[in-house]
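Trainee: I am new to this structure. Please take a close look at one part, the lining of its pockets and cavities, and then go on to whatever else helps me read the model.

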Amino acid sequence: MGKKELERPLPHDDLLERTVLGAILGGHKQTVEILDAIRAGDFANDFHKKIASVLIAAKDAGRIPNLLTIYDTLESSGEIEKAGGVAYLSGISDGIPLAGDSALFAAKRIRSLSALGQIVHIADKIQTLAFERVDNAERILDQAIEELSGVARDIESDEDDGESYFDAAGKALVELRQGPRIKIFTDVDRLDQWTGGFREGELVLLTAETGTGKSLLASQVRARACRDGFHTLFCSGEMLAPHLVKRHLAPEADVEPIKMRREDLLTQEDFEALVTAASHQCKKCRILDGELELSRIRRTSRKMKNRDGLELLILDYDELIEAPGKDEFEQQRQIARKAKSIGMELGCVVILISQLRKSLSGEDVAKPSLQRLYGSGAKMKHASYIVLADRPYVREMQGDEKEARLFVLKSRDGRTGPIKATFNVKKLRFDQAEEDPATAQVWRDHTEPREGEE
C-alpha cells in the first residue's frame, strides 16, 4: 500500500532545521553532540535532508563535517543542487548562534517533530486498513502498537543517559537484602541451587530430543511457580488446552497417565479424583493454544499482565511459532529476540522450549554442546540459561526408563554441567536423584575452562 497525500502538512519547523545545520557548518563547539542527536530522515526540507545526510556520513567516515567538506562531496557527486546550490550552502550559517545550547536543543526538537510525523503516518495507515477491512481488528491493533512502540523506543533512546554504577549498586544491595520480586524454581533441587531461581527479564531455554519431556518439565515449573504465587501464560502450539491440562490432572489425581487416553479404563474412583483435582486448578494461570504468532503472544501477555499479573511465560515450542523472516534461521532469531524483549518489557521470566537440531550421539551424549541447538546463534546470545534434558531410555529405547540428566549448557551467573536426575513415569516429572558422595562430580564454575580447553 503506497503512501497517500495527507490533507495537512506534517509537523516541522524550517527555521529549527536551518539552525541545526547552520551551527554545524559554522563550526559550533557541540558539533559532534548535535550530529549524534539527528538523523537525515528527521528533516522535512529536502535541501536540509540532503545536507544532513552528507554531514552525518562525513562524521561517520572520520572527516571534519564543515562547509568545505560538504561542498567537495556534493560537487564531486554532482548533487550540489539537491542541497540548494552554492549560494544556499554558503549562507545557511548567517545569523545562527555558534555558542550556547540552542542548536543542540533545536536538534532534539527536530527529532520530536519527526516522531510526530511518524505518528501521523501510522495513524493514517491504520485508519485506511480499518476502513478497507483488509485485516481483522486484532492484527491491525497489534500492528499499531508495534509501530507506535518503535517510535516511543526511538524517542526514549535519545533521552536515555544510562545509570551510574553508584545507583545500580544501590539497587543491587536492596535486591540482595530484600530478595528479587520473582524467583521461579523447577523443583529439581540441584538445578534450583545452581540458578537461585529464574528472575524477571530472563530468557530460559529448555531443549531436548523429541519425547524426552520438555513440555512436562515446563509444566512442572509452572506448577511450582503457581504454588509460590506466581502466575503463568502457557502458550502451546502443540497441544490444545484440555490435552495439556489432562497431563497435569493425572498425576495430581494419582491416575495412570494412559487412562487419560483410554477413558474406558477410568473407574468411578478415578473420575472423582480427577474432579477434585480439576476443582483446585488455578483460575489465574492461563493457556494460549492453537496457531501461535509473536504478535498474538505479546498481545495476550500484556492483557494478562494488566488483569491478573504475569510472572512466567512459557512458549511451547519455537518451531510452531509464526515469526517474520526470510528463512527459518531469521525466524528463529526473531523468536529468541522477541521472547527476550517480552520478558524485559513485562518483567517476567520467559521459558522457550526448543528442539535439538541433531540427536545426541558419540561424545555429545556425555558432553552435549550448544551447537546441537536448532538456530543456536541467536538462542545462545539472548538466553540467560540453557538447560538440556536427556533420558537415555528415550534416546536408545533400552535401559532404565527412570534415568535422566539435566545439562546446564549456559549460565550467565553460575555453574554449568550435568545434574543427575530421575524421571517419575507415574507423576510425569523430573526429580533430583540421590548421588553417591564418593563418586559425585565436582562442578566447575562457568568462568573456568573444561579439562583440555585452553
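Mentor: Start with helix α11, which gives the lining of the largest pocket its largest share, four residues. Keep in mind throughout that this is a predicted model. The largest pocket holds about 550 Å³ of space. Three elements each give two or more residues to its lining: α10, α11 (241-253) and β7 (349-355). In total, 26 residues line this pocket, and Leu216, Met239, His243, Arg247 and Leu428 are the ones that lie nearest its centre. To find the middle of the pocket on the structure, look for those five residues. Sorted by class, the lining is mixed, with eleven nonpolar residues, eight charged ones and seven polar ones.

Next comes the second largest pocket, with about 390 Å³ of space. Its lining has 16 residues, and those closest to its centre are Asp142, Glu146, Leu294, Ser295 and Pro324. At least two lining residues come from each of three helices, namely α7 (137-159), α13 (294-307) and α14 (328-346). By class, nine of the lining residues are charged, four are nonpolar and three are polar. Set that beside the largest pocket, where the lining has eleven nonpolar and eight charged residues.

Pockets are open, so the closed spaces need a separate look. The structure has one cavity that reaches 30 Å³ or more. The volume of the largest cavity is about 40 Å³. Its lining is made by Thr186, Leu191, Phe198, Val204, Leu206, Leu217, Val221, Ile351 and Val387. Two elements, β1 (203-208) and α10 (214-227), each supply at least two of these residues. Helix α10 also gives two or more residues to the lining of the largest pocket. Eight of the residues around the cavity are nonpolar and one is polar, while none is charged.

From the cavity, turn to a residue with an unusual backbone angle. Asp187 has a positive phi of about 75°, although it is not a glycine. Asp187 sits in the loop between α8 (165-178) and α9 (189-195). Its relative accessible area is 16%, and the limit for buried is under 20%, so Asp187 counts as buried. Asp254 is another non-glycine residue with a positive phi, here about 60°. The loop that holds Asp254 runs between α11 and α12 (268-279). Asp254 has 45% relative accessibility and therefore counts as partly exposed.

The backbone has another point to check, at a peptide bond. The bond from Asp316 to Tyr317 is cis, with omega near -5°. Tyr317 belongs to the loop between β5 (312-316) and β6 (321-322).

Side-chain contacts come next, beginning with aromatic rings. Across the whole structure, a search finds three aromatic pairs. One of them joins Phe423 and Phe430, whose ring centres are 5.1 Å apart; the planes meet at 65°, so this pair is edge-to-face. The cut-off behind that label is an angle over 60 degrees. Phe423 and Phe430 are both buried. Phe423 has a further partner: Arg391 lies over the face of its ring, 3.8 Å from the ring centre.

Cysteines can be dealt with quickly. The number of disulfides in the structure is zero. Such a bond is a covalent link between the sulfur atoms of two cysteines. Cys235 has a relative accessible area of 0% and so counts as buried. Cys348 likewise counts as buried, because its relative accessible area is 0%.

Last, look at Lys49, which is part of helix α3 (residues 46-60). Lys49 and Leu21 lie 28 residues apart in sequence, and their C-alpha atoms are 9.9 Å apart in space. Lys49 has 29% relative accessibility, so it is classed as partly exposed.

Conventions. Residues numbered from 1 in each chain as written. Predicted model: local features only at pLDDT ≥ 70, side-chain atom pairs only at ≥ 80, totals over all residues. Heavy atoms only, no water. Disulfide = S-S within 2.5 Å. Buried < 20%, exposed > 50% of the residue type's maximum accessible area, 1.4 Å probe, protein only. Phe/Tyr/Trp six-rings, centres within 6.5 Å; stacked < 30°, edge-to-face > 60°. Lys NZ or Arg CZ within 6 Å of the ring centre and 35° of its normal. 1 Å grid on protein atoms, 1.4 Å probe; cavity = no way out; pocket = protein on both sides within 12 Å on 5 of 7 lines; lining within 4 Å. Points joined across faces, edges and corners; volume = space filled by probe spheres on them. Nonpolar A, V, L, I, M, F, W, Y, C, P; charged D, E, K, R; others polar.
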